[in-house]
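The following report is meant to be read with the sequence and the coordinates open side by side. It moves from single residues to the packing of helices.

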Amino acid sequence: MFDKVNADLKEKMINMISRADIQKYSFYDGQSTIEEFEILYKNNKSAGFHIKDEAYESDDLFHVDSRVKYTHVDFPLQGYRYGTHLLKSYKDIKYFTKLYFNDSYPIVKKVISVEIPDWLDLELKELNFEGYDIVKTVKPNSRNKSKIHTYTLKSVPAMRKVSNAPGPTYVYPHLLILAKSYTQKGETKPIFNSTQDLYNWYKSLVNSLENDNTDIKSKVVELTKDAKTDEEKIKNIYYWVQDNIRYIAFEDGIAGFKPDEAANVFNKKYGDCKGMANLTKQMLIEAGFDARLTWIGTKHIAYDYSTPNLSVDNHMICSLFKDDKIVFLDGTEKFNAFGEYADRIQGKQVLIEDKDDFILKHVPTSEAAFNKEYYNYQLTLDDETLNGNVEKEYNGESRSSLLYYFDQLKTDKKDEFLESYLSRGDSNRKVTNITTSDLSNRELNVTISHDLTVKNAVSTFDNSIYIDLDLDKEFSGYELKERNVDYIFSSKKYLESTTQLKIPNGYSVTHVPNDIKISSDNYDLSVSFKTENNTLTYKKLFLIKNAKIETNDFEEWNGFIEQLNTIYQEQIILTKE
C-alpha cells in the first residue's frame, strides 16, 4: 500500500518519585489502527497490564469516531523502570500530519527517525527549532531504497498545561509532515504537493454533497419577502442561522472534513461549523446571492495555506461576494453582527472555493477600540454609604459575549441575571432602576444604566472618611508568574472607566494613590486621580492591543499589576477642614 504510514514508538520510563502512577494512552480513529500496545519490564518481557479500548468522549464534541487504548501504569518504587511499545498505522498518509518532540512528561533523550522511501516526495518541515539543540542526520538505506532522517533532542521539557496559552504549534518544536507526491510505475501522482492539491481534495468532498434545497426554500422566502434591501435579506438569513442552529462539534472519519448537507442541518437544527457554513451558503444561494464555502485555521493554529496539510485549518465559514466585496459569515459566532469578525479568525488566511480554482484572502482585523467597554460612575456620599448612577457601554466582542450569555438564560431569569451581573453578586451592592438598550439587537452597542447603593465601602474615624472607591478592580488577578509562554486573551481589550466622587462640603481630599502608566507594543495601561471643582475623578484605561501579553512583557506587566493591586487596596481619604 503506497499511502500507509507505520508509527513505531518505543519508550523507556523511570519514575523520579516513589509510588508514581501514570496513564499511557493512544488515540485512533477510522483512518488509523493500533497494531501493538504493551507495557514491558526492563528485560523486555510483558508487564501484564490490561490494555483497555474505549470510545473517546469529550464535552466539546457531540459525536467523534476517535477511540482510545490506554492503561494505568504504577511504579512501585522510586527508580523503577518500564518500557512502552506502541505501533500505530495510518491508512492514508494525509492523516499523518505532525510529530512533536515534547510529551506529557520530561524526556532525557528523544529520537525521531522517519524513513522516507525514494518513491515518496515528502518534506519534513522543521518548526520552532530555535533555542533547541536538535541534532539532525540523513542517511541512505540502500537495502530499502530510502533515506532515514533522524532528529535527536536531549533534556526535553514536558508539555505544560497552561491556561490562555498559544496553540502548541506556536510553542513546541515539531515536524510538519508534508507528503507531496509519490511515483508508481514511472508515473508521479500528487498527494498534497500544493495548495491546489489540498483544495482539490476538499472540493471533492464538497462535490459529493447532495444539496437538495427543497426543505429550505420556504424559510428563505419567509426571511426575505419583507426585506427592503439586499443587505437586509442577507442579515435575516445570517442571523437566523446564528439564532436557530445549535453549534455542535462533530468529528467522525471523513465527516471531520466533509460538510453535512444543508437540508440535514436545517431539519435537525444543529450542525458543526462545516454544516452551518454549508447551510448559510445554500440559503444565500436560494436568495440569489453568490456565497461560497471557506476553509480557515483559527488563531490556535500557526500555519497558513503555504503548507498544504490537513492540520492547517480547523474551521469553516461562508464567504459572500457582493458589490466587489467579500464579507465573511460565521454562523457559530452567536450575536456577531454582519461584517464583524471574532478575534479568533481576524487576520487569518482563508481558502475560498472558486469552482476548480480557489481564492486566498485574509479576514480583516479590527483595533482594540472596536471592543470598547466604558464604565461611568457618578457617586456621592451619604454617611457611610456610596450612592450614585452608573452607565456602561459594550461594543464589539464585549457586546456579543454579553448578549450571548444573556440569551442563554431562561426568560424569567434575565432580570435576576442583570441585577446579579451588575452588582457582581455582592450583597453590599444594591442595583435598582435598570434600563438597557435593545438586548435582542446584535447590531446595537449595549448600554446599561442603573442606580447603585454600596455599603461597606466607606468608614469614618475621627475627622476622616476612608473610601474603597474602585468597584471593578479589573486585572487584579493577572500577575503572570511561573509562566514561560505568552498569555492570550479571547479578544483585544479596551477597558475605560471614569469614577467621579462628589466631595462633601467641609471636606478635602488628603490622600489618593499615585498615578501609574506603562506602554508597550502590546498594551497601554494607565490609572490617574484628579481633584477639581469639589469632585475627585478616578480614571482607568486598559488597552490590550493584540490580544496577548508576550513573555518579554512579563516583568514590566507584573510590576504594573503589583502597583495596580496596591491602588485597589489603598483607600481614598477625605479629611474635615
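Apart from its neighbours within four places in sequence, threonine 188 is in contact with Ser181, Tyr182 and Thr183, where contact means heavy atoms within 4.5 Å. With one of these residues, threonine 183, the side chain of threonine 188 forms a polar contact of 3.2 Å; a polar contact is a pair of N or O atoms within 3.5 Å, of which, within protein, one must be able to donate a hydrogen and the other to accept it, and residues adjacent in sequence count only if both atoms are side-chain atoms. Threonine 188 belongs to strand E14, residues 187–190, and strands (E, at least two residues) and helices (H or I, at least four) are DSSP runs numbered from the N terminus. Because its relative accessible area is 51%, threonine 188 is exposed; exposed means over 50%, buried under 20% and partly exposed in between, with a 1.4 Å probe and protein chains only. The C-alpha atom of threonine 188 is separated by 9.3 Å from that of leucine 120, which is 68 residues apart from it along the chain.

The model is predicted, so local features need pLDDT of at least 70 and side-chain atom pairs count only at pLDDT 80 or more, whereas totals for chains, interfaces and linings use all residues. Residues are numbered from 1 along each chain as its sequence is written, and side-chain values use heavy atoms, with hydrogens and water left out.

For the chain as a whole, the secondary structure comes to nine helices and 36 strands, and the C-alpha trace spans about 95 × 70 × 40 Å along its principal axes. Of its 577 residues, 48% count as buried. Among contacts in the chain with a separation of 6 or more, 71% are accounted for by residues 24 or more positions apart.

Aspartate 343 lies in the loop between strand E20 (325–329) and strand E21 (349–354), and it counts as buried because its relative accessibility is 4%. The side chain of aspartate 343 is joined by polar contacts to two lysine side chains, that of lysine 299 at 3.4 Å and that of lysine 492 at 3.2 Å. When neighbours within four places in sequence are left aside, the residues in contact with aspartate 343 are Lys299, Glu397, Ser490, Ser491, Lys492 and Ala547.

Lysine 355 is not a glycine, although it has a positive phi of about 60°. It is placed in the loop between E21 and strand E22 (357–362), and it counts as exposed because its relative accessibility is 70%. Asparagine 456, also a residue other than glycine, has a positive phi near 70°; it lies in the loop between strand E26 (446–454) and strand E27 (458–461), and with 63% relative accessibility it counts as exposed.

Three helices, H3 (residues 214–224), H4 (residues 230–244) and H6 (residues 273–286), pack against one another in the pairs tabulated here. Axes are lines fitted to C-alpha atoms, for helices over the stretch in contact, and angles run from 0 to 180 degrees between N-to-C directions.

| Helix pair | Angle | Axis distance |
|---|---|---|
| H4 and H6 | about 155° | 10 Å |
| H3 and H4 | roughly 125° | within 8 Å |
| H3 and H6 | about 65° | 9 Å |

H4 and H6 pack at about 155°, which makes H4 roughly antiparallel to H6; angles over 145 degrees count as roughly antiparallel, under 35 as roughly parallel, 65 to 115 as roughly perpendicular and the rest as oblique. Their contact is made by Ile234, Ile237, Trp240 and Val241 of H4 and by Met276, Leu279, Thr280, Met283 and Leu284 of H6. These residues divide into eight nonpolar, one polar and no charged, where Ala, Val, Leu, Ile, Met, Phe, Trp, Tyr, Cys and Pro count as nonpolar, Asp, Glu, Lys and Arg as charged, and the others, Gly among them, as polar.

H3 and H4 cross at roughly 125°, which makes H3 oblique to H4. Lys219, Val220, Leu223 and Thr224 in H3 meet Lys233, Asn236, Ile237 and Trp240 in H4, and the residues of this contact divide into four nonpolar, two polar and two charged.

H3 and H6, with an angle of about 65°, are therefore roughly perpendicular to each other. Ile216, Lys217, Lys219, Val220 and Leu223 of H3 make the contact with Leu279, Gln282, Met283 and Glu286 of H6, and by class this contact has five nonpolar, one polar and three charged residues.
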